[in-house]
Amino acid sequence: MDDLVGLAVIVILVVVAGAICGLIALVQLNGLKQEVAVLRAKITHLQTHKSISQSEPQSEASTVQAALSRSEPITHKAQPNLTSQNALPPVINQPSAPPKKAKPAEASAIELLFNKLRAGFEENWMTWIGAVALAFGGIFLAKYSLEAGLLSPVMRLSLGGLFGLGLIAAAAYLHHKRIIFEGFNNYIPAALASGGFITCFALTLLAYSSYDMLSPTVAFFALAIIAISASAMALRLGPLLAVLGIIGAYSVPIWVSTGSGNLFALLMYIGFVSLSAALVAHKVQRAWLWYLLWAGHIGWYLVGFTLLKVNTVWLMGAFALLSIIGLIAIPRLGLKLNVREHRPHSLKRLLKVLPDHLLLLAFIAPLIFTMLISHFDMQWQTIGVLSIVLVLFLVLKNSRWDIWQGVALVISTLLVIGAERTHLSPNLFDDALFIFKNEYGLGLLLGLLLTAFGLYYGKKQIKRLAFHITGAFSAFVMIATLYTLIPNSALSTAYPLWAVVLCIVAAILIKCAQHNTTLFQRFTYWVGANANITLAITMLLSDSGLTIALAVQVLVISVLIKRYSVPMPHWPIKALVAALLLRLTLAPWTPSYDALTVFGLHWSIVVYPLCIALFFAAARCFKASQLKVWVEGAALHCLALFITTETSYQLVGHYPQFDSLNFYEQILLTCNWLALGCVYLHRAKLAGTLAKLYQVAGFALAGLAGLFAIKTLLEDNPLFESLYIGELPIFNWLLLLWLVPAGLTLWLAKLVKPINAKATPFILAVAGGFILLAINSFIRQYWQGPYIYLSKGASNAELYSYSVIWLVMGAGTVIFGHLKNQLLIQKIGLGLLAAVIVKVFLIDMANLTGLLKALSFIGLGLSLVGLSWLFQKLRSRANPI
């Protein structure tokens with residue numbers, strides 16, 4: 001009892017102290033207002049005695065100085081404009097008037113909002129701390145009464161509820177009487193109301209969880225009413241109270257769960273809360289309230305998929321579509337969806353329409369993903385079709401959403417794929433009319449409808465390029481999707497119909513391109529017609545035919561760009577080339593390509609050279625453009641694939657299996673990758689912004705070649721193992737094993753020197769090692785035949801031949817160094833000669849006796865004397881007196 005009395009005394013003291021402080025503050029405020037009024041009167045009097053040109057800045061300075069001296073909040077003339085900027089809804093404004101350019105001195109909207117909130121907190125921090133204290137006071141008072149057992153549960157909760165309602169009533173009274181301030185800066189009523197709503201929210205949870213006085217349903221609706229009431233009151237007291245209401249309303253299902261898993265009730269509640277929150281956010285004009293609304297709505301939308309059942313698919317679909325209308329369409333188009341915009345926009349502007357694109361993906365992507373992993377039925381099919389209709393309807397309303405036609409095409413494609421995964425059966429293709437049923441009929445219908453949609457509205461609104469793209473490529477995309485799904489055995493049945501459709505659409509596009517249309521429209525129709533014809537031809541070929549068709553498409557687009565001088569962005573061509581390169585890269589290791597032939601030849605012999613030629617031809621259309629470097633790089637990549645794959649295929653009958661390469665495959669890959677690495681590094685000099693990419697690719701290929709060379713040297717060395725290297729001198733596997741890599745390594749050193757000069761000596765040393773191994777191996781192969789492993793021994797003739805050849809090589813190296821005036825080359829030659837002399841004395845002459853030994857020394861002496869005379873002669877010519 002003493003604790004209760006003490007608490008009551010503390011509360012009374014706090015109330016009395018607050019009242020005294022309030023009276024003092026009110027008196028001071030009235031005094032300040034009077035002083036400000038007197039100062040303003042004096043300033044007005046002074047303005048009459050000064051010129052007009054000097055009156056405004058002086059009066060403003062006086063006002064500021066007076067306000068600062070009296071601690072009065074300064075009210076600038078520009079403050080209403082800042083308030084209007086912060087009050088804009090987060091969705092993009094209707095572009096009825098051209099946007100004004102922001103001044104350099106103006107801060108961004110986020111900075112203004114942050115500064116305003118900070119200024120508000122600095123001015124009213126004591127008020128908000130008091131509100132929090134009131135809320136905690138109500139909670140602690142309820143908790144204390146619970147622990148002490150002073151009152152019955154009903155009485156405790158009733159007193160707490162009266163306390164919360166009293167705070168809310170006091171806030172409403174203060175706002176109604178306008179005792180503190182006016183408008184949305186009425187912080188003290190908002191603070192009192194926040195404390196009251198938090199108290200009521202906490203007491204309701206206490207009654208539900210601790211006392212079991214409320215059922216889950218009653219507690220749910222009670223909490224919802226409290227949260228929505230806070231949001232409603234925020235219309236009068238300001239946006240900060242709206243935050244409390246929105247967060248509280250969306251969190252109610254977390255605090256109170258009926259355990260029934262009723263998806264309909266959950267979505268109905270979330271929809272009602274979102275509607276209320278949208279009205280509040282629209283009324284108080286604060287962008288961050290929309291962010292809270294989107295986060296809560298989308299979060300519960302995603303949670304709804306965890307409760308999805310077969311009979312509630314339509315519910316999730318309807319909720320998603322209604323959410324798109326309510327959260328995207330209505331804020332932009334009005335409640336009646338009667339606000340229209342048909343102005344054309346550039347692709348760059350269309351991509352920056354935020355947050356519309358992100359919100360659409362947030363609702364559509366989970367829905368389509370769930371459709372793909374679920375059992376496809378009529379419900380999903382209906383939802384998908386309705387999604388396409390809604391998206392296209394919104395496109396017709398606002399040209400800012402033109403890019404959503406691509407979303408409709410993607411949904412159509414995924415609908416066909418989902419239907420194929422479910423309806424595929426062995427007996428499906430027995431009926432010749434299968435092309436009009438299930439996924440095949442659906443895909444054909446959607447392709448024709450989207451094509452008609454794009455052509456019709458493209459004719460009515462010529463400058464909106466998205467319509468032309470939809471009309472030109474919809475049939476192509478849908479039939480290409482069906483072509484990838486259909487088995488080869490059934491293609492002969494479907495091909496006549498698809499080819500006719502593609503040719504008819506191509507003819508229509510060509511006819512449309514001949515009319516008086518814009519440059520982009522003509523270009524789009526020509527490319528679309530070519531794509532349809534190419535696909536029709538491709539279906540006659542094997543899988544590699546599609547690859548050839550895509551490569552031809554790259555060339556045709558490049559030719560059209562050059563012919564019509566179309567300033568189109570580069571990324572569509574880059575995306576097409578990248579997709580084609582990915583297909584070409586994966587094809588050799590795809591099982592379906594193992595035995596594939598084109599015109600009776602293995603597919604890689606035809607496809608890779610043809611794609612290389614097409615890419616180089618396309619690159620010639622772009623002159624000095626950055627796209628020229630990109631397409632030429634694609635050609636080089638195809639060349640790398642061709643050399644890597646075809647050499648192994650012709651050698652061992654299959655493409656390289658990197659975990660089980662034999663001796664000969666390692667030799668080929670070493671040469672191929674080292675050569676390609678040098679080509680990429682050479683290409684980096686002309687690649688511009690792509691130079692770094694070429695350098696990385698070049699060093700990567702050279703590094704891989706080095707690893708194979710080391711593996712061959714240590715594990716599969718013909719000098720140590722019994723490995724067949726060929727019968728012919730020089731033209732055998734040793735040529736590719738060591739001599740070709742030696743030449744390529746010298747080229748690599750030259751290319752690396754401008755990049756990293758410190759690595760050049762190491763690379764030159766590697767090249768010298770390759771040359772040494774190559775020459776010695778050639779000599780040994782000449783004497784030993786196809787097997788040169790060292791355990792076979794060596795004859796005297798073989799030993800002498802090493803000396804003679806290296807003597808000539810050393811002398812030639814020294815002479816070359818003198819001619820080029822390269823001291824390093826001279827030193828290398830002298831080193832070779834010294835090594836030969838040592839070998840002659842220690843090895844060659846070790847077993848000689850008599851006349852042969854004498855003649856050998858005489859010959860060696862004469863050779864050294866002759867070389868010395870020759871070196872002196874060369875030195876005298878190089879350095880004349």
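Visitor: Let's begin with His297. Is His297 buried or exposed?

Guide: Relative accessibility is the value to read here. His297 has 3%, so it counts as buried, the cut-off being under 20%. Keep in mind that this is a predicted model. His297 sits in helix H10.

Visitor: Which residues is His297 in contact with, beyond its neighbours within four places in sequence?

Guide: His297 is in contact with Tyr250, Ile270, Ser274, Phe319, Ser323, Leu327 and Phe363. Helix H10, residues 287-304, also holds Trp294. Trp294 is buried too, with a relative accessible area of 7%. Along the chain, Trp294 and Ser274 are 20 residues apart, and their C-alpha atoms are separated by 8.4 Å.

Visitor: And a residue that is not buried? Where is Asp594 placed?

Guide: Asp594 is in the loop between helix H21 (571-586) and strand E1 (597-598). Its relative accessibility is 45%, so Asp594 counts as partly exposed, a class that lies between 20% and 50%. Leaving aside neighbours within four places in sequence, Asp594 is in contact with Pro588, His602 and Tyr649. From Asp594 to Gly653 is 59 residues in sequence, and 10.0 Å in space from C-alpha to C-alpha.

Visitor: Now the whole protein. How many helices and strands are there?

Guide: The protein has 30 helices and two strands. Of its 881 residues, 42% are buried. About 46,600 Å² is exposed, and carbon and sulfur atoms supply 70% of that area. For contacts with a separation of 6 or more, 71% come from residues 24 or more positions apart.

Visitor: Which residues have the most contacts inside the largest nonpolar core?

Guide: Those are Ile324 and Trp498, in a core of 92 residues. Helix H18, residues 488-513, gives the most to this core, with twelve residues. A second, separate core has 36 residues, including Ala587, Tyr593, Val607 and Val631.

Visitor: What does Ile324 touch, not counting residues up to four places away in sequence?

Guide: Ile324 touches Ala329, Leu360, Phe363, Ile364, Leu390 and Leu394. You met Phe363 earlier, among the contacts of His297. Phe363 also belongs to an aromatic cluster, together with Tyr301, Phe305 and Phe319.

Visitor: How should I read a pair of aromatic rings?

Guide: Two values describe such a pair: the distance of the centres and the angle of the planes. A search of the whole structure finds 20 aromatic pairs. One of them is formed by Trp401 and Trp404, which are stacked, with 4.7 Å from centre to centre and 0 degrees between the planes.

Visitor: Are Trp401 and Trp404 buried or exposed?

Guide: Trp401 has a relative accessible area of 0% and is buried. Trp404 is at 1% relative accessibility, and also counts as buried.

Visitor: What does an edge-to-face pair look like in numbers?

Guide: Take Phe453 and Phe467: their centres are 5.8 Å apart, with 65 degrees between the planes. The angle is over 60 degrees, so this pair counts as edge-to-face. Phe453 lies in helix H16 (residues 438-460) and Phe467 in helix H17 (residues 465-485), so the pair ties together parts that are 14 residues apart in sequence. Phe453 is buried, with a relative accessible area of 12%, and Phe467 counts as buried at 0%.

Visitor: Which residue lies over the face of Tyr789?

Guide: That is Lys792, at 5.7 Å from the ring centre.

Visitor: Last topic: confidence. What is the mean pLDDT of the protein?

Guide: The mean pLDDT is 75, and 66% of the residues reach 70 or more. Among the elements, helix H26 (residues 733-752) has the highest mean pLDDT, 92, and helix H3 (residues 79-86) the lowest, 34.

Visitor: Where is the pLDDT below 50?

Guide: One such stretch is residues 1-27, which has five contacts in the model beyond near neighbours in sequence. Over residues 51-107 the pLDDT also stays under 50, and the model has 58 contacts beyond four places in sequence for this stretch.

Definitions and conventions
Residues numbered from 1 in each chain as written. Predicted model: local features only at pLDDT ≥ 70, side-chain atom pairs only at ≥ 80, totals over all residues. Heavy atoms only, no water. Core = buried A, V, L, I, M, F, W, Y, C linked by side-chain atoms within 4.5 Å. Buried < 20%, exposed > 50% of the residue type's maximum accessible area, 1.4 Å probe, protein only. Helix = DSSP H or I, 4+ residues; strand = E, 2+ residues; numbered from the N terminus. Contact = heavy atoms within 4.5 Å. Phe/Tyr/Trp six-rings, centres within 6.5 Å; stacked < 30°, edge-to-face > 60°. Lys NZ or Arg CZ within 6 Å of the ring centre and 35° of its normal. pLDDT = per-residue confidence, 0-100. Areas by Shrake-Rupley, 256 points an atom, 1.4 Å probe, with all protein chains shown as cover.
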